[in-house]
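The following note collects points for a colleague reviewing the coordinates. They are set out in numbered paragraphs.

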Amino acid sequence: MTRFILTRIASAIPTLILVSIAVFGLLRFIPGDPAALMLGDLAKPGQVEAMRIQMGLDKPVVAQYLIWVGNVLTGDFGRSIGTGQEVLPLILNAFSVSASIVLVGVFIAALIAVPAGMLAAWRQNSPGDVGVIMVSTILLSIPSFWLGLMLLLVFGLNLGWLPVIGYVPFSQGFWPALVYIILPVTTLVLSEAGPIARMARASTIEVARLEYITHARAKGLSEPAIMWRHAFKNAFAPTLTLIGFVLGSLLGGIAVIETVFTLPGLGRLLVDAIYARDYPVVQGTMLFVAAIYVVVNLFVDLLYPFLDPRVAA
Amino acid sequence: MIATALEQSRLKFNAVFGITVTTLLIATAVIGPWLVGYDPLKLDLPARLAGPSARHLLGADEFGRDILSRLVNGARTSAWIAFATVLFALITGTALGVAAGFLRGWTDRILMMINDAFLAFPGLLLALGIMAVIGASRDGIVLALGLAYMPIVVRVVRAAVLSIREREYVEASRVMGNSEFITMARHVLPNCLAPIIVLATTMFGWVILSESALSFLGLGVPPPAPSWGSMLSTARPYISQAPHLIVLPGLCISITLLGVNMLGDAVRDWLDPKL
Amino acid sequence: MMDGTAFARNPMLSVHDLTITIGPNGKRIVDTLTFDLASGDMMALVGESGSGKTMAARAVLGLLPQPLVTAPESRILFKGDDLTRIEPKAMRKVRGADIGMVFQEPMVSLNPAVTIGEQMAEGLRLHHKLGKAEIRDRSLAMLERIRIKEPTKCLAAYPHEFSGGMRQRIMLASVMLLKPRLLIADEPTTALDTLVQRDVLDLMVELTQANGTAVLLISHDLGMVSHYIPNVVVMSEGKAIESGSSSDVLRAPKHEYTRRLLDALPQRSAGGSRGGDCGKPVVEVKDVVIDYPGRNRLFSKTEAKRAVHGVDLTVRRGETLALVGASGSGKTTLGRAIVGLVKPTSGEIAFPGAEAHRPMDQRARRREMQIVFQDPYSSLDPRQRIVDIITEPLKLDKSMNGAERERRVEQVFAEVGLSPDFRRRFPHQLSGGQRQRVAIARAIVGRPAFVVADEPVSALDMTVQKQILLLIRELQARHGFACLFVSHDLGAVEQVADRIAVMQDGRIVEIGERDDVIDRPQHPYTRQLLEAAMLIDRRFAENDPPKQATAL
């Protein structure tokens with residue numbers, strides 16, 4: 001078990017290194033001189049030279065990479081070109097916005113979709129099952145940003161029940177904050193419930209036809225007991241992996257939903273930085289998001305042996 | 001397992017609906033603009049934000065451009081990008097996946113290490129990063145989304161090659177005296193086709209969704225070219241005045257995706273009767 | 001209709017006109033099956049795959065998979081209740097408590113995510129309403145009884161930590177823990193090694209007899225049944241075609257199908273061993289060692305495993321050498337090494353006969369050696385037509401033209417007994433036996449000097465096994481190829497081998513003429529294998545009426 005944990009953690013390190021190289025390398029492909037970009041169109045040649053040296057661009061690429069990684073490891077993600085603010089606090093502030101919505105949204109989505117998918121599978125081909133399939137396929141097919149816009153149109157504008165745009169952090173009171181995140185969270189729940197329900201259904205069907213389920217029935221266990229004690233753990237394992245992927249990728253900025261509801265989240269930060277060609281922010285955000293993704297998936301992997309003890313063997 | 005009547009009718013419905021929608025999308029993309037015969041870029045300022053009328057069957061947008069014509073041309077954009085992207089990801093991904101699964105050893109290890117690093121970027125992030133570098137353009141999206149989806153193809157193809165090459169009929173081919181190359185071409189690759197086809201169908205839907213999301217963020221098809229995602233994006237400020245500007249493009253995306261997803265389910269049921 | 005009451009004293013389980021269909025009014029899987037089973041008795045339902053025996057047994061507990069249903073006229077009386085008509089809740093009280101069931105595949109019939117202790121406790125908690133300590137005590141006592149080492153540790157362990165045989169013992173223990181009146185055992189040992197089979201069956205008999213539990217055994221193996229079970233019902237295509245005491249049925253079968261089943265039981269090939277007059281060596285294996293490389297990863301290291309420890313073998317022209325051993329003995333690895341699928345770590349594999357035959361390059365040499373695999377479902381490319389599969393090896397022989405190839409393929413179809421109608425079909429349209437014929441045709445079409453047959457019949461039904469074994473022997477007589485017959489099944493080996501080599505843990509412990517090895521085994525391991533191989537009780541084969549059919 002300890003060996004399994006250590007192996008998994010160790011295997012995440014090369015991935016993180018490669019990710020950092022990819023992020024660093026990607027930004028190196030940008031046409032033009034980063035120093036000149038940084039100073040804008042009005043810079044004099046001398047200034048550009050000075051900037052190049054200040055940014056370390058006169059050094060070999062490998063050295064530049066190592067310096068950058070060294071800085072990142074000490075928490076120095078550089079400064080924004082546009083505002084001159086430090087990048088890391090920008091990222092962390094935006095992350096807290098994205099994370100609060102995503103964690104609540106995915107949690108509720110899983111709470112609805114996993115039982116729905118499993119029950120559908122248990123009554124495979126019943127009208128209820130077909131209903132779950134239809135609803136989840138439809139939800140899967142509606143783009144989240146359009147769904148968000150429609151919710152906004154109906155509940156925000158036409159009915160006027162909820163605020164249309166903006167964000168209030170939870171530090172300024174629970175209720176005001178809640179009111180502002182209801183629509184984004186609902187959007188997230190609806191758009192993520194589809195794939196989770198489908199996965200839960202597929203993996204339950206796979207488990208339900210295994211012999212140990214028949215064995216449990218032959219022992220005289222009731223259907224709910226068989227489902228909970230024998231099917232759930234085994235069927236939930238692949239679903240958990242999917243939830244990990246969803247969680248990881250959403251934490252990295254639900255850019256489209258944040259755009260719809262003008263939330264100052266990570267995704268919006270990245271997209272705005274791309275518009276503004278604010279490369280230190282782009283670089284920092286991409287690295288941060290990828291790292292979160294790797295860590296969330298690692299965490300899911302570490303949970304896996306509790307569901308399926310064979311993996312840690 | 002013998003399918004019940006309900007399941008069979010559902011599968012049939014999936015296939016019929018999926019094929020109909022996909023055919024409609026392709027037909028619209030190919031001949032739609034010619035049928036509508038209205039320039040999607042032509043400005044008609046007096047008709048700004050107008051609702052449906054004889055002149056503009058589905059109304060006009062914030063510059064008075066004809067919505068129907070823009071939707072039809074948007075279908076062309078989406079379908080073209082989706083086809084090109086899927087093709088790009090499939091060709092590059094299959095080549096790399098086969099190379100990794102066939103050569104194994106260090107080639108495999110290095111390819112997979114790089115591939116896993118690509119896969120460590122969630123969702124749209126990699127495409128966003130690539131768009132940041134190359135700038136928004138139609139071909140740029142194909143490249144960015146193609147590169148973002150390629151690692152998934154590599155994984156699927158490699159896994160299929162590795163599993164098929166251990167089958168006994170492949171060993172029988174080796175014992176027969178067939179060269180590794182012939183064995184690969186005659187026995188391994190043809191049997192890898194099913195998962196590749198299933199993936200390609202599924203990917204088609206992902207790409208349409210991703211392209212519209214990128215365009216919605218303003219990092220996709222650059223204006224004024226019509227695309228469903230960018231139509232939603234530019235119409236957003238007018239949501240209360242002209243909701244049809246929001247409703248129509250979204251409906252187009254959703255129905256297209258529903259059709260493609262159902263087609264994907266049907267293809268999976270057909271090729272992989274296990275699930 | 002047979003008379004089911006003939007051997008039932010006071011029936012505890014009475015199955016009457018049991019009919020199972022695919023959906024209401026669909027195809028009949030089981031057709032008006034009738035039998036009685038008295039309290040404490042043992043009975044076997046015997047038949048080949050597709051005979052409906054498993055579904056009949058499952059119907060007793062109402063465990064039919066969708067969309068199978070029992071027809072309304074069926075009756076399954078157990079302790080006065082008709083199990084086909086009782087409420088689901090009442091049925092759940094019968095399951096486990098009154099009727100226990102053991103399944104075929106121990107690898108998939110225990111839940112991988114739940115500890116052994118919990119899986120054992122579940123039934124006790126449900127049916128006997130016992131406290132925690134009491135449950136634990138009883139589970140431990142039972143594990144001790146079935147001779148599990150460290151029972152306390154076993155309770156906390158997960159199924160994957162045990163071997164197949166161990167899991168099947170645990171499974172039996174957890175079912176018998178509830179002291180059911182009837183145990184239904186569905187091919188409980190089919191997935192196990194010969195040596196382990198005997199253990200598990202002995203344990204089953206021991207536990208059920210001690211408790212007075214009746215046994216309904218589902219099996220395809222008449223040999224095994226003849227050793228353990230006094231009464232049989234023979235099933236074919238859903239119908240009970242013959243029933244009675246095992247000795248009567250085996251000695252004087254009334255039905256044509258039973259006779260065929262009995263014929264299919266292992267018998268020595270006529271004419272005895274051909275060992276003496278065999279020709280030159282075709283394959284010479286000298287001091288071959290094969291290691292599976294260990295993996296060396298961060299924090300985990302798997303040691304290299306030696307599968308074959310310096311083996312010497314010679315196979316001569318026209319003879320069949322059988323390589324016998326339990327799974328993991330290295331026999332398959334050795335066979336695969338000879339045809340070039342596995343590289344030996346050291347030692348030499350030479351082909352003196354083949355070299356004289358044709359000038360050798362690597363590929364041509366390969367053509368002289370062919371292999372027939374165990375599982376005809378995975379050894380044929382699902383996307384090739386039968387004719388293409390069989391023609392493929394000939395394509396490499398550049399000395400043949402199209403017409404010659406065509407003629408040879410036609411000839412091979414006839415040789416292996418395949419109708420030319422199969423030419424355009426795909427493998428999935430063929431039965432297991434037909435597929436194995438295709439695999440054999442593919443192996444011999446190029447007239448190889450040497451064929452490895454790797455457990456070629458163990459995935460097939462008994463009657464089909466017999467046909468395939470006869471086919472191999474007939475083809476060998478015609479073409480004179482040398483054959484290495486790899487098998488765990490002494491019954492099959494007895495039918496085809498000229499010589500037998502017994503392998504244990506990567507070494508050959510005994511090798512000799514077939515009759516010598518089987519009748520006068522020298523090595524203790526060979527003797528053990530022979531004892532465990534439940535060849536049909538000789539008393540039946542020799543028409544010597546036994547006093548009692550059970551081996552106990």
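1. Within chain C of this predicted model, contacts between residues at least 6 apart in sequence are dominated by long separations: 71% of them join residues at least 24 apart. The secondary structure of chain C comprises 22 helices and 22 strands. Of the 552 residues in chain C, 57% are buried.

2. One backbone feature of chain C deserves a check. C:Lys179 has a phi value near 50°, which is positive although the residue is not glycine. The residue sits in the loop that links helix H7 (164-176) to strand S8 (182-186) of chain C. With a relative accessibility of 52%, C:Lys179 counts as exposed, because the cut-off for that class is over 50%.

3. A second positive phi value occurs in chain A. For A:Thr262, again a residue other than glycine, phi is near 40°. A:Thr262 belongs to the loop between helix H11 (255-260) and helix H12 (266-275) of chain A. Its relative accessibility of 38% places A:Thr262 in the partly exposed class.

4. How do helix H6 of chain A and helix H9 of chain B pack, and at what angle? H6(A), residues 127-141, and H9(B), residues 244-271, have axes 8 Å apart and an angle of about 125° between them. The two helices are therefore oblique to each other, since 125° falls neither within 65 to 115 degrees, the roughly perpendicular range, nor over 145, where roughly antiparallel begins. The crossing of H6(A) and H9(B) is right-handed.

5. The residues that meet at this crossing can be listed for both chains. H6(A) contributes A:Met134, A:Thr137, A:Ile138, A:Leu140 and A:Ser141. On the side of H9(B), the partners are B:Ile253, B:Ser254, B:Leu257, B:Leu258, B:Asn261 and B:Met262. By class, the residues of the contact between H6(A) and H9(B) comprise seven nonpolar and four polar, with no charged residue.

6. Over all chains, the structure holds 11 aromatic pairs. One of them is formed by A:Phe24 and A:Trp68, whose centres are 5.6 Å apart and whose planes make an angle of 35°. The pair is classed as tilted, because 35° is not under 30 degrees, as a stacked pair would require, and not over 60, as an edge-to-face pair would require. A:Phe24 is in helix H1 (residues 2-28) and A:Trp68 in helix H4 (residues 61-73), both of chain A, so the pair ties together parts 44 residues apart in sequence.

7. Both members of that pair can be assigned by accessibility. A:Phe24, at 9% relative accessibility, counts as buried. A:Trp68 has a relative accessible area of 13% and is buried. A:Phe24 and A:Trp68 also belong, with A:Tyr65, to one aromatic cluster.

8. Another pair, A:Phe232 with A:Phe236, is stacked, at 5.2 Å centre to centre and 15° between the planes. A:Phe232 and A:Phe236 both lie in helix H10 (residues 223-251) of chain A and are four residues apart, about one turn of the helix. Is each ring residue buried or partly exposed? A:Phe232 has a relative accessible area of 21% and is partly exposed, whereas A:Phe236, at 18% relative accessibility, counts as buried. The two labels differ because the cut-off for buried is under 20%.

Notes
Residues are numbered from 1 along each chain as its sequence is written. Chains are lettered from A and ligands numbered from 1 in the order in which they are written. This is a predicted model: local features need pLDDT of at least 70, side-chain atom pairs count only at pLDDT 80 or more; totals for chains, interfaces and linings use all residues. Side-chain values use heavy atoms; hydrogens and water are left out. Axes are lines fitted to C-alpha atoms, for helices over the stretch in contact, and angles run from 0 to 180 degrees between N-to-C directions. Angles under 35 degrees count as roughly parallel, over 145 as roughly antiparallel, 65 to 115 as roughly perpendicular and the rest as oblique. A crossing is left-handed if the near helix is turned anticlockwise from the far one by less than a right angle, and right-handed if clockwise. Contact means heavy atoms within 4.5 Å. Ala, Val, Leu, Ile, Met, Phe, Trp, Tyr, Cys and Pro count as nonpolar, Asp, Glu, Lys and Arg as charged, and the others, Gly among them, as polar. Rings of Phe, Tyr and Trp (its six-membered ring) pair if their centres lie within 6.5 Å; planes under 30 degrees apart count as stacked, over 60 as edge-to-face and the rest as tilted. Buried means under 20% relative accessible area, exposed over 50%, partly exposed in between (1.4 Å probe, protein chains only).
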